[in-house]
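Work through the exercises below with the sequence and the model open side by side, and try each task before reading its solution.

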Amino acid sequence: MGEKKRIGILTSGGDCAGLNAVIRAVTRCAVNMYGWEVLGLCKATHGLMSRPPQAICLDVAKVDPILTMGGTILGTTNKGDPFAFPMPDGTLTDRSAEIIEGYHQLGLNALIGIGGDGSLAILRKLAQQGGINLVGIPKTIDNDVGITERSIGFDTAVNIATEAIDRLHFTAASHSRVMIVEVMGRDAGHIALNAGIAGGADLILIPEIIYHLENICRHIKQRQAQGQDYSIAVVSEAVCTEMGKLVQQGHFDDCRLGGIGQYLAERITALCGAETRVTVLGHTQRGGISSPLDRILASAFGVAAVELIAKQMYDRMVTWQNRQVISVPIDDAIKYYRAVDPNDTLVRTARGLGICFGD
Ligand code: F6P
């Protein structure tokens with residue numbers, strides 16, 4: 001069984017489905033297989049910044065009911081870079097030393113950080129600076145973390161978006177409308193591409209493939225000429241306007257992607273006269289019960305992360321490749337942004353199905 005350890009686990013960045021399944025898997029494996037103690041750290045690194053550090057003791061009875069639950073029982077945040085932390089007086093302060101001190105105050109032997117590329121980069125910097133034994137687990141509905149084929153939360157988001165598209169077919173057909181479905185994904189078009197194919201969309205617009213409005217309108221008109229007087233277009237939130245501008249909501253440090261669906265609807269109506277409606281799926285893609293695939297991935301990643309700690313293999317991230325869980329240096333994963341490759345097999349699949357990318 002080896003030396004008894006006390007490990008910490010935290011969730012960082014935007015929440016997604018499957019986070020609680022990882023917390024459960026880590027706890028079950030660490031407690032049952034190794035007899036370790038597991039502390040759940042509250043609100044990402046903020047819990048380690050608080051005094052006393054905010055953490056909860058996790059045991060098998062506490063985590064068993066959370067397998068299917070969306071969100072994260074530990075809380076999370078996608079704000080407040082600890083190296084430039086926004087203070088109430090408006091200044092930015094480096095609070096990394098407090099987090100590192102919090103880790104050591106709790107007597108932790110290792111830390112499992114569940115995050116996307118941004119969170120993992122911050123956690124790695126803290127680990128390097130403060131002697132933290134870190135293991136990373138990739139999560140994000142955007143599926144844009146380097147090296148891993150899948151991140152936790154992506155499959156559930158695709159399922160939710162697909163279900164929405166399925167429902168929109170009927171109302172689109174009944175009213176002979178163009179339905180635009182705006183999905184999340186940040187700078188990567190994975191959700192749009194996958195849900196677009198699964199949901200039988202007619203157009204898929206992603207940031208990695210530049211569209212021209214005339215091609216979109218031509219496709220809609222061709223469908224009308226063939227007697228298909230409605231169309232479904234899935235658009236990724238980071239698709240730009242014709243002038244190459246991102247469409248955003250909010251101001252200054254609270255600027256978020258959103259609104260490209262409405263922009264395209266107005267342009268399509270103006271150019272080809274089609275009646276359009278927009279559905280923005282927003283945070284529904286992050287919520288709800290996690291899909292079986294996300295639960296399986298979360299369980300496999302959680303167990304693999306505990307095994308890395310048992311072997312004292314730190315500064316590594318677990319990844320999914322060819323149906324295997326392996327690990328790679330965290331640095332390798334975060335320096336490579338995983339966008340959609342325009343030559344990807346799914347892009348070719350979509351083209352083969354006659355789906356228009358607007359290019
Ligand atoms: O990175 C996950 C994500 O859901 C993106 O797809 C989206 O752009 C962003 O987070 C939304 O962030 P917030 O929760 O701050 O609105």
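The exercises that follow concern a predicted model, and they treat the ligand site, a surface patch and some backbone features in turn.

**Exercise 1. Which residues surround the ligand, and which of its oxygen atoms' polar neighbours can be located?**

Step 1. Begin by listing the surroundings: the ligand is surrounded by Asn 78, Ile 141, Asp 142, Met 184, Gly 185, Arg 186, Glu 237, Arg 256, His 283 and Arg 286.

Step 2. Then look for N or O atoms within 3.5 Å of a ligand oxygen, the cut-off for a polar contact. The side chain of Asn 78 places an N or O atom 3.0 Å from an oxygen atom of the ligand, and a polar side-chain atom of Glu 237 is found 2.6 Å from a ligand oxygen. Gly 185 takes part through its backbone, with an N or O atom 3.2 Å from an oxygen atom of the ligand.

Step 3. Finally, consider burial: the ligand taken alone exposes 400 Å², and 79% of that is buried by the protein.

**Exercise 2. Which residues make the nonpolar surface patch, and why can Ile 73 belong to a patch?**

Step 1. The patch, with an area of about 210 Å², is formed by Ile 56, Met 69 and Ile 73.

Step 2. Locate Ile 73 along the chain, where it sits in the loop that runs between α3 (60–63) and β4 (85–86).

Step 3. Membership in a patch requires over 30% relative accessible area. Ile 73 has a relative accessible area of 32%, so this residue passes that cut-off while being classed as partly exposed.

**Exercise 3. Where is the cis peptide bond, and in which loop is Pro 52 found?**

Step 1. As a reference point, most peptide bonds are trans.

Step 2. The bond from Arg 51 to Pro 52 is cis, and its omega is near -5°.

Step 3. Pro 52 belongs to the loop between α2 (46–49) and β3 (55–58).

**Exercise 4. Are Lys 43 and Ile 147, each with a positive phi, buried or partly exposed?**

Step 1. For comparison, most residues other than glycine have a negative phi.

Step 2. Lys 43 has a positive phi of about 50° and lies in the loop between β2 (37–41) and α2. Its relative accessible area is 43%, and Lys 43 is therefore partly exposed.

Step 3. Ile 147 has a positive phi near 70° and is placed in the loop between β7 (134–138) and α6 (154–175). With a relative accessible area of 28%, Ile 147 is also partly exposed.

Conventions: Residues are numbered from 1 along each chain as its sequence is written. This is a predicted model: local features need pLDDT of at least 70, side-chain atom pairs count only at pLDDT 80 or more; totals for chains, interfaces and linings use all residues. Side-chain values use heavy atoms; hydrogens and water are left out. Patches are made of residues with over 30% relative accessible area and no salt bridge: like charges are joined within 9 Å, nonpolar side chains (Val, Leu, Ile, Met, Phe, Trp, Tyr) within 5 Å. Accessible areas come from the Shrake-Rupley method with a 1.4 Å probe; for residues, only the protein chains shown count as cover. A salt bridge is a side-chain nitrogen of Lys or Arg within 4 Å of a carboxyl oxygen of Asp or Glu. Buried means under 20% relative accessible area, exposed over 50%, partly exposed in between (1.4 Å probe, protein chains only). A residue is near a molecule or strand if one of its heavy atoms lies within 4 Å of it. A polar contact is a pair of N or O atoms within 3.5 Å; within protein, one must be able to donate a hydrogen and the other to accept it, and residues adjacent in sequence count only if both atoms are side-chain atoms. Helices (H or I, at least four residues) and strands (E, at least two) are DSSP runs, numbered from the N terminus.
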